[in-house]
Amino acid sequence: MAQVKGRPASKKAKSASTKSRKNSRPAKGGKATGNGSGKELRAEAVTVVYPVKEGDDVHALEKVSLSISPGDFVVALGASGCGKTTFLNLLAGFIKPTEGNVTLGGKPVLGPGADRGVVFQKHALLPWLKVLQNVTFGLKMQGIPQDKRRDMARKYIDLVGLKDFEQKNIYELSGGMQQRVGLARALTSDPAALLMDEPLGALDALTRDNMQELILDVWRETHKAIFFITHSVEEALFMATKLIVMSPRPGRITHEYELDFCHRFFECRDARKVKSMPDFIEMREEIITIIRGDELEGGNIHV
Amino acid sequence: MSDATHSGSSFFGRLGRLFSAGPAKPGDSFGAPGVGNSTTIAIASAIGIFFLWWVTTTPALGPMVKPLFLPSPAEVWDKFVSVATEGYQDQTLAEHTLASVQRIFIAFVLAALFGIPIGMAMATNRVFRGIFDPPIEFYRPLPPLGYLPLTIIWFGIGETQKLVLLFLAMFAPMVLNTRAGVRSVAIEQIHAAYSLGASRAQVLWHVILKGAMPEILTGMRIGIGFGWTTLVAAELVATERGLGAMIMSASEFLVTSVVIMGIVVIGIIAYSFDLLMRWVERRVVPWKGRV
Ligand SMILES: Nc1ncnc2c1ncn2[C@@H]1O[C@H](COP(=O)(O)OP(=O)(O)O)[C@@H](O)[C@H]1O
Ligand SMILES: [Mg+2]
């Protein structure tokens with residue numbers, strides 16, 4: 001049963017209680033495996049203000065707090081311009097917050113790194129490399145010898161179903177297969193968290209459904225902490241263990257829901273069935289109403 | 001025009017169809033500019049030009065144009081054979097050609113050696129961009145003949161001056177295309193690389209340089225083209241060997257057949273180089289335009 005806990009996010013701005021977990025989980029193994037599996041990714045009261053030449057500065061995010069633990073599948077949903085990408089960029093370390101801080105396993109995030117894998121919507125693969133070389137690119141950058149890379153990547157290549165495509169060129173693959181490469185590439189560095197910005201946004205509906213199931217299976221297998229942005233309410237409800245709904249001007253989390261539809265999928269392996277359950281549909285309508293309200297306010301929909 | 005489009009057999013009907021935008025045949029794309037194959041027309045055009053040349057210059061037909069202005073194809077061909085075997089001004093055609101190709105090749109290597117790294121530096125670093133932008137943007141649109149006298153004053157009339165002129169012609173397009181190439185690299189590719197643990201230097205080498213490769217190769221192709229365009233200017237002064245020099249001295253003595261022969265040879269070689277560079281592009285960056 002989906003517990004509905006819609007509530008203003010500002011109430012739960014947590015005080016910094018990271019000290020206790022700082023040394024709780026030492027990085028296992030050497031450099032080769034694990035860029036920090038098992039760590040919690042945390043944003044504490046982060047604010048991002050984009051300077052704008054004319055007019056008021058854009059408050060893309062206003063005191064947003066969120067923690068993502070291993071095994072969490074957090075999905076962010078919201079009207080466009082509400083700061084989802086900005087938030088992902090913060091977690092990834094591409095931008096730094098105007099205020100507040102981002103930590104991974106208690107250590108501050110000071111830039112991008114192999115401990116947080118990122119999957120993009122498109123244009124992120126390297127077309128001059130074959131599929132296998134793309135997947136092992138991170139390992140190469142981290143200085144792992146060639147003969148070891150293949151072994152380390154095999155598990156993920158199999159997991160996303162790329163086994164027979166290792167020697168293909170990127171531009172020979174369909175959009176769905178390209179996203180599998182992107183996913184496998186991010187997984188191969190064994191990051192603590194996986195950040196995905198509308199990874200399925202450019203795919204057709206059928207491929208998209210397949211990829212949703214694939215990502216869920218990968219998540220169950222690897223137990224990563226996942227932060228996933230989408231425009232699709234159905235996708236969000238289906239995949240999330242925790243759904244956050246964001247609102248623009250200023251960008252903030254307005255609602256949070258704990259969900260279990262993905263676990264129901266694991267039980268019955270029938271996505272259509274889960275997506276047509278009465279409480280799924282009820283939740284869907286509720287959330288669509290919230291987001292429509294935001295979009296109407298922002299003038300993105302002209303009735 | 002719509003009336004004319006319907007009466008397909010009349011002259012104006014045919015003319016109208018050339019430019020009309022009726023529904024496309026299956027397999028064609030409606031409204032796509034310039035669809036269709038033009039090879040046949042191109043061959044006909046080339047043959048037509050040649051025929052015109054032949055008709056207006058061949059003595060048996062009573063030449064309409066004096067050989068001084070335009071010698072006949074046969075005359076030019078004879079000249080080609082005689083210069084190829086006996087030479088013109090003590091140098092055979094092969095020697096002239098080799099001298100020019102050598103100059104272009106050396107200048108090309110130097111221009112690539114400097115142009116590509118400087119283009120990379122300018123695209124990735126504001127200090128370098130600030131330093132190099134004014135001189136390059138200033139000299140780039142100047143005609144090489146304009147700064148030719150300056151290169152003579154500075155570098156004399158030896159081989160160096162010729163290489164400098166060719167180098168300058170090739171350097172700017174290589175820099176500009178390298179910069180454009182760096183700009184064309186998707187920010188997602190760069191972000192992805194950093195998120196996979198790449199260092200700044202690794203991103204520069206493994207992502208930005210590789211991603212800029214298609215445009216860099218285009219820059220090299222354009223550079224070589226500019227080199228051939230500038231050849232005659234480069235060999236204008238005190239040059240014994242070279243196709244440009246051969247043309248210039250032939251024009252002084254009004255040997256029009258050698259001038260035309262030289263122009264044709266330069267044209268053919270320049271075009272071959274272009275084809276070669278296209279072939280290299282297809283080999284090195286088969287992914288160009290496909291992502
Ligand atoms: N580089 C930037 N400079 C200025 N404003 C920006 C920039 N990036 C995003 N914004 C603004 O910040 C807000 C949030 O953007 P974004 O995070 O991309 O939203 P979302 O991904 O939810 O659509 C928007 O109003 C957008 O216009
Ligand atoms: Mg976005």
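# Close-up views of chain A and ligand 1

**View 1. Threonine, lysine and glycine meet the oxygens of ligand 1.** An oxygen atom of ligand 1 sits 2.7 Å from an N or O atom in the side chain of A:T85. Of the accessible area that ligand 1 has on its own, 560 Å², the protein covers 60%. Backbone atoms take part as well: a polar one of A:K84 is 2.9 Å from an oxygen atom of ligand 1, and a polar one of A:G83 is 3.1 Å from an oxygen atom of the ligand. Please keep in mind, here and in the views that follow, that this is a predicted model.

**View 2. Ten names to look for around ligand 1.** Start with the run A:S80, A:G81, A:C82, A:G83, A:K84, A:T85 and A:T86, then add A:Y50, A:V58 and A:A60, and you have the residues around ligand 1. Which element gives the most to this shell? It is α1(A), with three residues. Both α1 (84-92) and β2 (58-68) of chain A supply at least two residues of the shell. By character, the shell divides into four nonpolar residues, five polar and one charged.

**View 3. The four-stranded sheet beside helix α1.** Here the strands of chain A follow the order β2-β1-β4-β5 in an open sheet with antiparallel pairing. β2 and β5 (107-108) of chain A are its edge strands, and each of them pairs on one side only. Two bridges link β5(A) in the antiparallel sense to strand β4 of chain A, residues 99-104; look for A:T103, whose bridge partner in β5(A) is A:P108. Helix α1(A) lies across β1, β2 and β4 of chain A and runs at about 125° to β1(A).

**View 4. An unusual backbone angle in strand β1.** Zoom in on A:A45, which belongs to strand β1 of chain A, residues 41-50. A negative phi is what most residues other than glycine have. A:A45 is not a glycine, yet its phi is positive, at about 45°.

**View 5. The six-stranded sheet.** This open sheet of chain A has mixed pairing and reads β6-β7-β8-β3-β9-β10. Why is one side of β6 (116-119) and of β10 (252-258) of chain A left without a neighbour in the sheet? Both stand at the edges with a single partner strand each, so there is no neighbour on the other side. On average, neighbouring strands are turned by 20° against each other, direction ignored. Within the sheet, strand β3 (residues 73-78) and strand β8 (residues 225-229) of chain A run parallel and are joined by four bridges. One residue to find is A:V75, paired by a bridge with A:F228 of β8(A).

**View 6. Two helices lying across the six-stranded sheet.** Helix α5 of chain A, residues 175-188, lies across β6 and β7 (193-197) of chain A, and its direction is at about 175° to β6(A). Helix α6 of chain A, residues 205-222, lies across β3, β7 and β8 of chain A. The angle between α6 and β3(A) is about 145°.

**View 7. A cis peptide bond in a loop.** Most peptide bonds are trans. The bond from A:R249 to A:P250 is cis, with omega near -10°. Where does A:P250 sit? You will find A:P250 in the loop between β9 (242-247) and β10 of chain A.

Definitions and conventions: Residues are numbered from 1 along each chain as its sequence is written. Chains are lettered from A and ligands numbered from 1 in the order in which they are written. This is a predicted model: local features need pLDDT of at least 70, side-chain atom pairs count only at pLDDT 80 or more; totals for chains, interfaces and linings use all residues. Side-chain values use heavy atoms; hydrogens and water are left out. Two strands pair if DSSP finds at least two bridges between them. Axes are lines fitted to C-alpha atoms, for helices over the stretch in contact, and angles run from 0 to 180 degrees between N-to-C directions. Contact means heavy atoms within 4.5 Å. A residue is near a molecule or strand if one of its heavy atoms lies within 4 Å of it. A polar contact is a pair of N or O atoms within 3.5 Å; within protein, one must be able to donate a hydrogen and the other to accept it, and residues adjacent in sequence count only if both atoms are side-chain atoms. Accessible areas come from the Shrake-Rupley method with a 1.4 Å probe; for residues, only the protein chains shown count as cover. Ala, Val, Leu, Ile, Met, Phe, Trp, Tyr, Cys and Pro count as nonpolar, Asp, Glu, Lys and Arg as charged, and the others, Gly among them, as polar.
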